[in-house]
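Here are a few exercises to work through with the viewer open. Try each one yourself before reading the solution.

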Amino acid sequence: MNSKISRTKCSETNDGNQSGSKDLRIRVAVQRKGRLSEGSLELLRSIGLNFDYYEGRLFSPCSNFPVEILFVRDDDIPKYVQDGVADLGIVGRNVVAEKEAVVEQLETLGFGKCRLDIASREGGAIKNIADLEGCRIATSYPVILSRFLESEKLTANIVEISGSVEIAPTLNVADAICDLVSTGSTLRINGLSPIATVLRSEAVLIGNLGALSSSDTGSLVSRIRRRVQSCLRARGMRYLMMNANKRDLEKLRRVLPHLSSPTIMPLAEDGSIAIHSAVPSEDVWKVIEELRQNGASDILAVPVEVMVQ
Ligand code: PRT
Ligand code: ZN
């Protein structure tokens, strides 16, 4: 791979206006087709990037921001970002660790959550980590597994398999497996049960080491990162709106989390007020119930799209 591929010049300003001023595009690499594709595209759209996508496409330029989206296999993303072929990438933390990519992990994105587990036959002889000594373990993650075994001071035979790792014990290719697990149903169907978690993973935004500080693309990379941070913050929040009598204000204030002071507006009806406040999504029902008990009425909770601090 040519790691020094030149950057595309485009005739847009940072806001996408056709002004004639020359600027650079940055590249964001995402999984072309797989478990992370939908979440990655949804995130890029929610940060305001406007682009076309259809299956089989390799590149998509954005019409309103100097970004080009690169659709590739997830395994290639860490190296592309490390080598500067892409400035940013969205990929599982497990792949970054396996490829030993030298990149900056900028944000954890909250989707594609899974664990890399070691599992053995249910009711079999391997019941805990110590029992793995001298065993054969099938995996697509030999680098992560060998590091784990080393840290546990165990010697085992790693059998590298590229897919359907879960059938290795049935085929007598291995005594145990080390594979990704999300719901656990693949393990159960194959008569396996987990004995240890090697790594917890989710999709992460990674950046080329020089990308944030680069004099040409650094500010674009920072803008994308800030937008991602704002969307992630917003996803964890609900915006609450309610009506109340002014005399209940102090009680209601105590119920609302102290993240930011609520907005309070007088209503046409004498003594009535409207109160607006952002609340963490996980607490929203508890807060609504307490607000109601303390005199609030007509309570609305709506999702927050963007939250810039
Ligand atoms: O073609 P390409 O190389 O791009 O894709 P891929 O086939 O290598 O990857 P893909 O799309 O399967 O997964 C992409 C990423 O999604 C992984 O690297 C993880 O970061 C994340 N992810 C989250 C998972 C899972 N959950 C997951 N459950 N990746 C794989 N699985 C598989 C697992 O390997 C096992 O076969 O799902 C099965 C177990 O699932 P449960 O629900 O039965 O436990
Ligand atoms: Zn892959």
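**Exercise 1.** Find which pocket ligand 1 takes up, and work out which elements surround the ligand.

*Solution.* Keep in mind that this is a predicted model. Start with the space: the one filled by ligand 1 is the largest pocket. Next, look for elements that put two or more residues into the shell around the ligand; these are α3 (93-98), β11 (176-181) and α5 (185-189). Then pick out the top contributor: β11 gives the most, with three residues.

**Exercise 2.** Which residues come nearest to ligand 1, and how does its shell split by class?

*Solution.* Go through the 21 residues around ligand 1, and you'll find that D75, N94, T183, G184 and T186 come nearest. Now sort the shell by class: five residues are nonpolar, ten are polar and six are charged.

**Exercise 3.** Track down polar partners for the oxygen atoms of ligand 1, then say how much of the ligand the protein buries.

*Solution.* Begin with the backbone, where a polar atom of S182 sits 2.9 Å from an oxygen atom of ligand 1. Move on to side chains: an N or O atom of S185 is 3.2 Å from a ligand oxygen, and a polar side-chain atom of D179 is 3.5 Å from an oxygen of the ligand. Finally, turn to the area: ligand 1 on its own exposes 840 Å², and the protein buries 78% of that.

**Exercise 4.** Place the ligand shell on the domain map.

*Solution.* First lay out the map: the domain assignment gives domain 1 (26-109 + 204-234), domain 2 (114-201) and domain 3 (237-303). Then check the shell around ligand 1, which takes at least three residues from each of domain 1 and domain 2. To finish, get a sense of the layout: the C-alpha centres of domain 1 and domain 3 are 38 Å apart.

Technical notes: Residues are numbered from 1 along each chain as its sequence is written. Chains are lettered from A and ligands numbered from 1 in the order in which they are written. This is a predicted model: local features need pLDDT of at least 70, side-chain atom pairs count only at pLDDT 80 or more; totals for chains, interfaces and linings use all residues. Side-chain values use heavy atoms; hydrogens and water are left out. A residue is near a molecule or strand if one of its heavy atoms lies within 4 Å of it. A polar contact is a pair of N or O atoms within 3.5 Å; within protein, one must be able to donate a hydrogen and the other to accept it, and residues adjacent in sequence count only if both atoms are side-chain atoms. Accessible areas come from the Shrake-Rupley method with a 1.4 Å probe; for residues, only the protein chains shown count as cover. On a 1 Å grid over the protein atoms alone, a cavity is a set of points where a 1.4 Å probe fits but cannot get out, and a pocket is an open set with protein on both sides within 12 Å along at least five of seven lines; lining residues have an atom within 4 Å of a point. A molecule sits in a cavity or pocket if more than half of its atoms lie within 2 Å of its grid points. Helices (H or I, at least four residues) and strands (E, at least two) are DSSP runs, numbered from the N terminus. Ala, Val, Leu, Ile, Met, Phe, Trp, Tyr, Cys and Pro count as nonpolar, Asp, Glu, Lys and Arg as charged, and the others, Gly among them, as polar. Domain bounds come from an automatic or database domain assignment.
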